[in-house]
Every structure is written in C-alpha cells, then in structure tokens.
Amino acid sequence: MYSLGIHLLSLLLKILAPFNVKIKKGVRGRRQTFKTLKENINSNDKTIWFHCASLGEYEQGLPVFESLRIKYPSHKIVLTFFSPSGYDIRKNTPIADVVSYLPIDTKTNAKQFLDIVHPEFTVFVKYDIWPNVLNELKIRQGRAILISALFRKNHSYFKWYGNHLRKALQAFEHIFVQNENSKKLLQAINITNVTISGDTRYDRVSNQLLQNNNLSFISDFKNKSLCVVIGSSWPEDEAILLPYINKNASKKLKFIIAPHNINKIQINNITKKLNVDYVLFSEMKNKTIADYPVFIIDTIGLLSKIYSYADIAYVGGAMGRTGLHNILEPAVFGVPIIIGKNYDKFPEAKTLIDLGGVTSLANYSDFNTTLNALINDNLLRKKQGEITKSYINSNIGAVHKIMSYFKD
C-alpha cells in the first residue's frame, strides 16, 4: 500500500506542478538528482549522507553536520532535501560536497540512490522518514542515526496502520530524541536504542553568539529607537500587526518586518496596508534609512542577525496554521517574545510561556495590550529577556551527546 501511495504521490505532483511554483521546482529538481549524484560521486569515494526535510531541519542538524565534517575530513558529504525551500537556500552550502533533492521514495529509486551514494554513515534529522530508502539501507547493513527526533502519540508510527513506518525506524541503529515522552513512545513499539539528547537547535542558536552579528544598515535604521522585530510573518500575523504599526510607528518606536515569503505579491500585500513611511531592503540604497519608522526585509538570510537588534520580537506562524517559526533565534539574544495562539506542537513555546519569557496572543486586542506593556516597562522587557536567554543556556549540549556516539 505504501509503495502504491508513493507512485500516486509522484503522479499527483507532476499533475500539480504547472499550477504551483514550489511543486514545480521539486519535480524539475528531482529529474536532475541521479545525474547530479553520478557527476559528483565516484565508486571509491567515502561518503556520509545527511538528509533534511527542509530548511528548518537543516539548521537544526547543522551543528552535528559541522562536527562530523571536522571529524571525517576525507569523506565526501552528500546532503539531500525533500523540500525546494531547503534546497534553494542551501544548495551551495559549504558543509556538503554534493547537494541534491531526495528522489521520490520508490523501491527502484531507493536502490539506485544508494548504489550511487553508498554512504558509510547516514544522518536523518527530526522526522522525515522514508521507508523504502531506509529499509534498503538496512538490507545493505548501512549505518544510520536519527537526531533531534520528536514524537507524539498521534503520529502514524503508533497507530494500527503504522507498521511500515515502524519498520523504517528500525533501520536506525540509534535514535536521539528531544524528550522523555518521545523515548517512551518508541519503547512502547519495542524500539529501545534511544537516547534523550535534547534538541540540537539550542546548540545551533547559541553558536550565533559566536558570529559577527553586526549589520551596519540595521544600526543606522534603529539608531537610538526602541525596535520591534517581526520575524517570519504570515498574512494571519500581519492582520494584527499592521494596524498596530500604522497607529504607533515613529522615530522613537521602529519596526523591522521580515516576512516568511518574500515574493512580490506578499511584499505588496504588506506595503499597500501600511499608512506610515517604510523602506525596503532592496531599495534602501541612497536613502537615509534612519528617517523611516518601518524597514521591510525583502531578502533572505539576515533574520538571525537582525534579532540581535531587537528590543522585542514577534515570531510568526502561530496566528494561523502554518506552524510557529523558530523562537529560539531571538531567545538566544535575551529578547522578550510574542507569538500567536497555535503553538501546541512546539514544546519550547509551551515551556517559555510557562516560564514567562514568551507571551501568546489570540487577537489584536491582546497584541495591543501585550506590546504596550513591554514598550512602556523597561524592567518587564529585561525580566522576560533574561528568562529566554537563561532557557537557551540551560538546554545546550545535544551535539556533545550525539557526537559522543562517534567514538573511534
């Protein structure tokens, strides 16, 4: 049934490709997968294979990837993505020698992929489990681990129909999970090669403090003003954010908006609703950006640095159903954080709300009250920021636990 479903999925993606840019990129990209791999991998190469669903999982796995790259300098690193959003942004990452899409998970593709890549070791991140390729890897006695895994009771692995997925999990010689609940769920289906390592994202974001986070144009824009950074916003977030900005943005209170989607349609949807002056990153040249109260970041790759300038951060995705974006990125800089109402699948959000470093809101009235309180109370901002930073510091160490598995 699974293999039939995969073939139907492949057909469906090809049908939908002309009508969806993201799907079209994936379909076209996978046509080049085997060609790309053959051109860059020789039969005598020693290889390590990293697989991520998308950009978020890549960032999550990156500190482990970096450590393995250092530990095994003579190995060729192969990185695969399932999603175009991950592939497009990280196709030139220096962490890998070869970056490609993972082919659709048919049995034939799985065999051909492993014939070419022949990984000495494989690392999957979090939850992107593909049974055919993993089962084929197990048949070949390939070594594989799953890192930063997070399981919930409603996942298919734990349902009566989840046998095929449960079998795929058995291909991993070890699974590193984020919490105790995930370990118990795996033990309930007789998977005991499990270690609670925590989440590698904490190590990833803590490494940001070691980077040069200076952005001169952000310094110029902020000047001496209080600055609210809105990261990875979606239309549902902007519906409550933009009315507030229109009423309150000034030279003393500035807003940086870094929307999740930076296509022209999305940017235009934001700008046409703004009644205050704004400047786009793409158009800031020859402008005195300090004079503007709103700065819209219509490019990628800057948000993690921009958060270092935030006095308050709003992280998008949880006002709608698209999924909360990474609240750990602003937290590492000791910033009080505001999010939307749909955060149940994000344990770090639940914990930080309980601790008092993150505030969840459901509507414009909540947002108005919460943001006004943080703007007007320096001690409140400082207290909540200390909570978020302390939380990060208390959860680092997952990478060390995982790398201890690779003892010579």
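Threonine 370 is found in helix α17 of this predicted model. With a relative accessibility of 16%, threonine 370 counts as buried, because the cut-off for that label is under 20%. Leaving aside residues up to four places away in sequence, threonine 370 touches Ile338 and Thr359.

The helix that holds threonine 370, α17, spans residues 364-376, and its axis comes within 5 Å of the axis of helix α18, residues 378-393. The two axes cross at roughly 100 degrees, and α17 and α18 are therefore roughly perpendicular to each other. On the α17 side, the contact is made by Ala373, Leu374, Ile375 and Asn376, which meet Asn378, Leu380, Arg381 and Gln384 in α18. Sorted by class, the residues of this contact come out as four nonpolar, three polar and one charged.

A second helix pair can be described in the same terms, since two packed helices are described by the angle between their axes and the distance between the axes. Here the partners are α4 (residues 55-71) and α10 (residues 200-207), with axes that come within 8 Å and cross at roughly 80 degrees. That angle makes α4 roughly perpendicular to α10. From α4, the contact draws on Glu59, Gln60, Gly61, Leu62, Pro63 and Val64, while α10 brings in Thr200, Arg201, Asp203, Arg204 and Asn207. By class, the contact of α4 with α10 divides into three nonpolar, four polar and four charged residues.

Next comes the empty space. Rolling a probe the size of a water molecule over the atoms shows where such space is left. A search of the whole structure turns up one cavity of 30 Å³ or more, and the largest cavity holds about 40 Å³ of space. Its lining is made up of Leu102, Pro103, Ile104, Asp105, Thr106, Asn109, Ala110, Phe113 and Val133. Helix α6 (residues 107-117) gives the most to that lining, with three residues. In terms of class, the lining of the largest cavity has six nonpolar, two polar and one charged residues.

As for pockets, the second largest one has about 250 Å³ of space. It is lined by 13 residues, and the closest to its centre are Ser10, Lys14, Val27, Arg30 and Ile104. Helices α1 and α2 (21-31) each supply at least two residues of this lining. The class split for the second largest pocket is five nonpolar, five polar and three charged residues.

Helix α1, residues 2-16, also contains leucine 9. Leucine 9 counts as partly exposed, at 27% relative accessibility. Between leucine 9 and asparagine 326 there are 29 Å in space, C-alpha to C-alpha, and the two are 317 residues apart in sequence.

Finally, a word on the backbone. Most residues other than glycine have a negative phi. Lysine 126, although not a glycine, has a positive phi of about 70 degrees. Lysine 126 sits in the loop between β4 (121-125) and α7 (131-139), and with a relative accessible area of 18% lysine 126 is buried. Asparagine 190 is not a glycine either, and has a positive phi of about 65 degrees. Its place is in the loop between α9 (180-188) and β7 (194-196). Asparagine 190 is exposed, with a relative accessible area of 68%.

How values were computed
Residues numbered from 1 in each chain as written. Predicted model: local features only at pLDDT ≥ 70, side-chain atom pairs only at ≥ 80, totals over all residues. Heavy atoms only, no water. Axes fitted to C-alpha atoms, helices over the stretch in contact; angles between N-to-C directions. Helix = DSSP H or I, 4+ residues; strand = E, 2+ residues; numbered from the N terminus. Parallel < 35°, antiparallel > 145°, perpendicular 65-115°, else oblique. Contact = heavy atoms within 4.5 Å. Nonpolar A, V, L, I, M, F, W, Y, C, P; charged D, E, K, R; others polar. Buried < 20%, exposed > 50% of the residue type's maximum accessible area, 1.4 Å probe, protein only. 1 Å grid on protein atoms, 1.4 Å probe; cavity = no way out; pocket = protein on both sides within 12 Å on 5 of 7 lines; lining within 4 Å. Points joined across faces, edges and corners; volume = space filled by probe spheres on them.
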